[in-house]
Amino acid sequence: MSNIQDKVVIITGASSGIGEAAAIELASKGAKLVLGARREERLQKLQGEIEQSGGTAIYKVTDVTSQTQMEELAAYALKKFGKIDVLVNNAGIMPQAFLFKKKVDEWDQMIDVNIKGVLYAIAAVLPSMREQKSGHIINLSSVAGHNIYPGGTVYCGTKHAVRAISEGLRQEEAMSGTNIRVTNVSPGAVSSELLATTSDAESKAGLDEFYKVAIDADSIARAITFAIEQPSDVAINEMIIRPTVQVG
Ligand SMILES: NC(=O)c1ccc[n+]([C@@H]2O[C@H](COP(=O)([O-])OP(=O)(O)OC[C@H]3O[C@@H](n4cnc5c(N)ncnc54)[C@H](OP(=O)(O)O)[C@@H]3O)[C@@H](O)[C@H]2O)c1
């Protein structure tokens, strides 16, 4: 039996891109999906598609910037399936612009979704994972969590934070003997709806050019699947997945 069969997997930001692709891939391998995002019609459609293919999925409209809603998503998973095996901590936004453009609202949103949302999701699943003495938390960082480039300063800051949170969480759980695995996933350019979150025309033009080489979200879904399907004593801690021709 695959190490994914019957695992209960929460995915935040499941309504498009990498989250949606991961949901489809994991459902095809027998996982029970708990889908969260803000756009209900997308979640409903995805749930329908998974069920039509013989998979299992439930959803709950969830804004990760609300700690209450994140706790409710985890509680819903526990109520419906009795456990949470995996969190794919994926919701994120990327409104890029040079700092001098002073898009302070967008900085706040990025910090709220990309950092606080990631922490709220960890907070929501950690108690039950610790109690059952097993679990897997997969955080979506980025190549921007390893590199820094003009226009991406705040986004890079949030993705560096995700990588720091992943490593800190890994060390804390490893020393506590909870059997909780932590995987930090850092994609390069991937086709999704992420670029639509950049409102600044100059940055958007640069990103459109850079993303001409983007790979499919399925590539990242397969990497996430690989990390989950390892035996429970094997933790894939860090993965960088770029298009073959991406330089930076
Ligand atoms: N695409 C890339 O090139 C790339 C590269 C490196 C890292 N990443 C990371 O991969 C993750 C997924 O991005 P993607 O490329 O798949 O982009 P995407 O297609 O735009 O998906 C982002 C998801 O996040 C959700 N989301 C945004 N704000 C949210 C909020 N406040 N609460 C709950 N959900 C929220 C969106 O759903 P709703 O709008 O329905 O809420 C959507 O499902 C992000 O963390 C991103 O930073 C992507």
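**Notebook: a first look around**

Is Arg130 buried, partly exposed or exposed? I looked it up: Arg130 counts as partly exposed, at 36% relative accessibility. My scale calls a residue buried under 20% relative accessible area, exposed over 50% and partly exposed in between, with a 1.4 Å probe and protein chains only.

Before going on, I noted what I am working with. This is a predicted model, where local features need pLDDT of at least 70, side-chain atom pairs count only at pLDDT 80 or more, and totals for chains, interfaces and linings use all residues. Residues are numbered from 1 along each chain as its sequence is written, and side-chain values use heavy atoms, with hydrogens and water left out.

**Entry 1: the whole chain**

I began with the secondary structure and found 7 helices and 7 strands in the chain. Here helices (H or I, at least four residues) and strands (E, at least two) are DSSP runs, numbered from the N terminus. Reading from the N terminus, I get the order β-α-β-α-β-α-β-α-β-α-β-α-α-β.

Next came the overall dimensions. The C-alpha trace spans about 50 × 40 × 35 Å along its principal axes. I then checked the radius of gyration: the chain has 17 Å, which agrees with the value near 18 Å for a compact globule of 248 residues. That radius is taken over C-alpha atoms, and the globule rule is 2.2 Å times the number of residues to the power 0.38.

I also looked at burial and found that 51% of the 248 residues are buried. The chain exposes about 11,300 Å², and carbon and sulfur atoms supply 51% of that area. These areas come from the Shrake-Rupley method with a 1.4 Å probe; for residues, only the protein chains shown count as cover.

For contacts (heavy atoms within 4.5 Å), I took the pairs at least 6 apart in sequence, and 71% of them join residues at least 24 apart.

**Entry 2: what the record says**

I checked UniProt, where an unreviewed entry places the feature "domain: Ketoreductase" at residues 7-188. UniProt positions are given in the numbering used here, feature names are shortened, and annotations may be inferred rather than shown by experiment. In the model, the span 7-188 is 51% helix and 19% strand, and its end C-alpha atoms lie 27 Å apart.

**Entry 3: salt bridges**

Side chains of opposite charge can pair when their charged atoms come close. I counted a salt bridge when a side-chain nitrogen of Lys or Arg is within 4 Å of a carboxyl oxygen of Asp or Glu. How many did the search of the whole structure find? It found 11 salt bridges.

I went first to Glu193 and Arg42, whose side chains meet at 2.9 Å, N to O. Glu193 lies in the loop between strand E6 (180-187) and helix H6 (201-210), and Arg42 in helix H2 (residues 40-52), so this pair ties together parts that are 151 residues apart in sequence. Glu193 is partly exposed at 33%, and Arg42 is partly exposed at 29%.

Then I returned to Arg130. Its salt bridge partner is Glu173, with the closest N and O atoms 3.1 Å apart. Arg130 in helix H4 (residues 104-132) and Glu173 in helix H5 (residues 153-176) are 43 residues apart, so I noted a link between distant parts of the chain. Glu173 is buried, with a relative accessible area of 2%.

My third pair was Arg170 and Glu167, with a 2.9 Å N to O distance. Both lie in helix H5, 3 residues apart, about one turn of the helix. Arg170 is partly exposed at 26%, and Glu167 is partly exposed at 33%. I also noted that salt bridges with shared partners join Arg39, Arg42 and Glu193 into one network.

**Entry 4: three single residues**

Where does Thr178 sit? I found Thr178 in the loop between H5 and E6, and it is buried at 3% relative accessibility. Leaving out residues up to four places away in sequence, Thr178 touches Arg130, Lys133, Ser134 and Glu173.

Glu131, in helix H4, is exposed at 73%.

Last, I looked at Asn3, in the segment before strand E1 (8-12). Asn3 is partly exposed, at 27%. The C-alpha atoms of Asn3 and Pro231 are 6.9 Å apart in space, with their positions 228 residues apart in sequence. Among the residues that Asn3 touches are Arg181 and Ser232.
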